[in-house]
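Welcome! Open your viewer, get your selection tool ready, and take this tour one stop at a time.

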Amino acid sequence: MSQIPSRRAAKSAKKPLPKAAAGPRLRKIKAPPKVGFVSLGCPKALVDSERIITRLRAEGYQIAPNYDGADVVVVNTCGFLDSAKQESLDAIGEAMAENGRVIVTGCYGVEKDVIRQAHPGVLAITGPHQYEAVMEAVHDAVPPLHDPYLDLVPPEGLRLTPRHYAYLKISEGCNNRCTFCIIPSLRGDLVSRPANHVMTEAERLVKAGVKELLVISQDTSAYGLDLKYATSPWKGAPLAARFLDLTKALGNLGAWVRLHYVYPYPHVDNVIPLMAEGKILPYLDIPFQHASPNVLKAMKRPAAGAKTLDRLAAWRQTCPDLAIRSTLMAGPGQPSGMMDISPSSRSRAMSLATMLRRSSVGPELSMAMVTCFVAPTSICRRITRSASVASNSVIADEMSS
């Protein structure tokens with residue numbers, strides 16, 4: 001019960017307080033984001049909740065005591081019995097009604113379709129002990145605050161590149177099975193990052209002063225294929241995990257965007273107008289690898305059709321300033337390591353070299369856009385030094401003619 005103040009106290013309270021001496025101005029501290037948490041089920045689920053809450057607190061989140069004060073609510077569900085499933089659905093419904101921004105996790109999360117049917121508005125659904133997935137969902141819903149006075153790591157992370165550019169990796173692995181390449185054995189199949197995760201990292205890099213984003217992966221133009229081009233929320237609208245959509249979004253950040261490891265698939269045609277409009281840099285790094293159809297077939301190269309030169313010419317019609325960097329390999333499948341190709345293939349190789357040579361951005365860089373790499377045979381067998389030197393000479397002669 002509050003005490004009613006006396007008349008003397010009330011009278012003294014009316015007197016103005018003396019002005020405080022001038023001192024250093026205190027900086028304003030933003031309130032940390034708050035996460036509400038509902039934990040259902042057995043003690044094992046409770047431990048999962050404790051671990052998630054520990055992660056949240058370590059990243060600066062506060063745990064809200066009620067729905068009203070929460071920026072997002074996590075419901076850790078139970079799916080052991082039918083009654084537990086119903087309790088979980090009821091808890092999700094209550095959180096949706098009271099707050100509206102709900103992330104579902106726990107054992108009942110394995111039945112995503114049932115939960116989506118009952119509550120289509122939930123932000124994300126994960127299964128049991130999927131701590132990383134829950135944290136990613138929370139980051140998407142309400143990013144953690146960065147305090148430059150307290151945090152040891154900047155929000156864009158630590159980089160080994162100079163300040164003005166940064167690599168932006170959009171996927172891992174590769175679905176292609178080229179006979180000379182070991183990448184799928186090392187990094188597995190294609191695993192694309194959700195589009196909003198890529199954009200969040202890119203935006204942080206640009207805010208940190210990065211002027212050029214170098215988009216990389218093993219197969220950049222295949223981005224999103226494994227996700228079936230699923231959308232994710234970005235700036236209040238859905239953004240598809242698709243090569244074109246992501247490129248458009250990156251082009252709106254105000255930094256140079258340079259695309260690497262792009263295969264000449266037909267859908268790449270749609271990105272060239274963005275270069276002509278100045279949205280992204282007129283630059284493509286395309287691993288052609290070879291000009292001989294027989295060698296390309298032995299390599300099992302994707303997008304290795306005879307229409308590649310026609311595609312390049314069409315791209316130049318749309319964007320005359322387009323610069324193309326590529327890698328050409330001499331020797332795969334050839335016992336001697338030499339380029340043993342037919343006249344038509346040799347003509348195609350010379351046309352390709354000429355096309356690449358015209359990709360220069362200045363006379364001093366007329367040959368800098370082409371990297372010639374002398375590879376072993378298609379199954380990585382030994383190749384003699386003399387054959388390697390001879391192969392280099394063949395390519396150099398053809399490109400200089």
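The stops below go from the whole chain to its cores, and then to charged side chains.

**Before you start**

This is a predicted model, in which local features need pLDDT of at least 70 and side-chain atom pairs count only at pLDDT 80 or more, while totals for chains, interfaces and linings use all residues. Residues are numbered from 1 along each chain as its sequence is written, and side-chain values use heavy atoms, leaving out hydrogens and water.

**Stop 1: the whole chain**

Show the chain as a cartoon. You can look for 13 helices and 15 strands; helices (H or I, at least four residues) and strands (E, at least two) are DSSP runs, numbered from the N terminus. Now switch on the surface: its accessible area is about 23,000 Å², and 56% of that belongs to carbon and sulfur atoms. Accessible areas come from the Shrake-Rupley method with a 1.4 Å probe, and for residues only the protein chains shown count as cover.

How many of the 401 residues count as buried? The share is 42%. Buried means under 20% relative accessible area, exposed means over 50%, and partly exposed is in between (1.4 Å probe, protein chains only). Contacts tell you about the fold too: among those between residues at least 6 apart in sequence, 71% join residues at least 24 apart. A contact here means heavy atoms within 4.5 Å.

**Stop 2: the nonpolar cores**

Select Met199, Leu250, Leu259, Met275, Leu284 and Trp315. These are the residues with the most contacts inside the largest nonpolar core, which has 41 residues. Such a core is a set of buried Ala, Val, Leu, Ile, Met, Phe, Trp, Tyr and Cys residues joined through side-chain atoms within 4.5 Å. The largest share of this core, 5 residues, comes from helix H7.

Zoom in on leucine 284. Not counting residues up to four places away in sequence, leucine 284 touches a list of residues including Leu259, Met275, Trp315 and Ile324. Another core, of 17 residues, lies apart from the largest one; Leu40, Tyr67, Val73 and Val75 are among its members.

Next, select helix H8 (residues 243–251). Its buried residues are Phe243, Leu246, Thr247, Ala249, Leu250 and Gly251. What do the buried residues of H8 pack against? Their partners include strand S6 (165–169), H7, strand S9 (212–216) and helix H9 (272–276).

**Stop 3: salt bridges**

Side chains of opposite charge can pair when their charged atoms come close. A salt bridge is a side-chain nitrogen of Lys or Arg within 4 Å of a carboxyl oxygen of Asp or Glu, and the whole structure holds 11 of them.

- Select arginine 55 and glutamate 132: their closest N and O atoms are 3.2 Å apart. Arginine 55 sits in helix H2 (residues 43–58) and glutamate 132 in helix H5 (residues 131–141), 77 residues apart. Arginine 55 is partly exposed, at 30% relative accessible area.
- Move to arginine 193 and glutamate 201, whose closest N and O atoms are 2.6 Å apart. Arginine 193 is partly exposed at 25%, and glutamate 201 is also partly exposed, at 26%.
- Then try glutamate 203 and lysine 235, with 2.8 Å between the closest N and O atoms. Glutamate 203 belongs to helix H7 (residues 195–207), while lysine 235 is in the loop between strand S10 (231–234) and strand S11 (237–240). Is each one buried or exposed? Glutamate 203 is buried at 19%, whereas lysine 235 is exposed at 59%.
- Finally, select Lys169, Glu172 and Arg187, which shared salt-bridge partners join into one network.

**Stop 4: two buried acids**

Select aspartate 48 in helix H2. Aspartate 48 is buried yet has no salt bridge, and the nearest side chain of opposite charge, arginine 51, is 4.8 Å away. (Lys and Arg count as positive, Asp and Glu as negative; His and the chain ends are not counted.) Which side chain makes a polar contact with the side chain of aspartate 48? Look for tyrosine 131, at 2.7 Å. A polar contact is a pair of N or O atoms within 3.5 Å; within protein, one must be able to donate a hydrogen and the other to accept it, and residues adjacent in sequence count only if both atoms are side-chain atoms.

Your last selection is glutamate 212, in strand S9. Glutamate 212 is buried, at 12% relative accessibility, and a polar contact of 2.5 Å joins its side chain to that of arginine 258.

Conventions: Lys, Arg positive; Asp, Glu negative; His and termini not counted.
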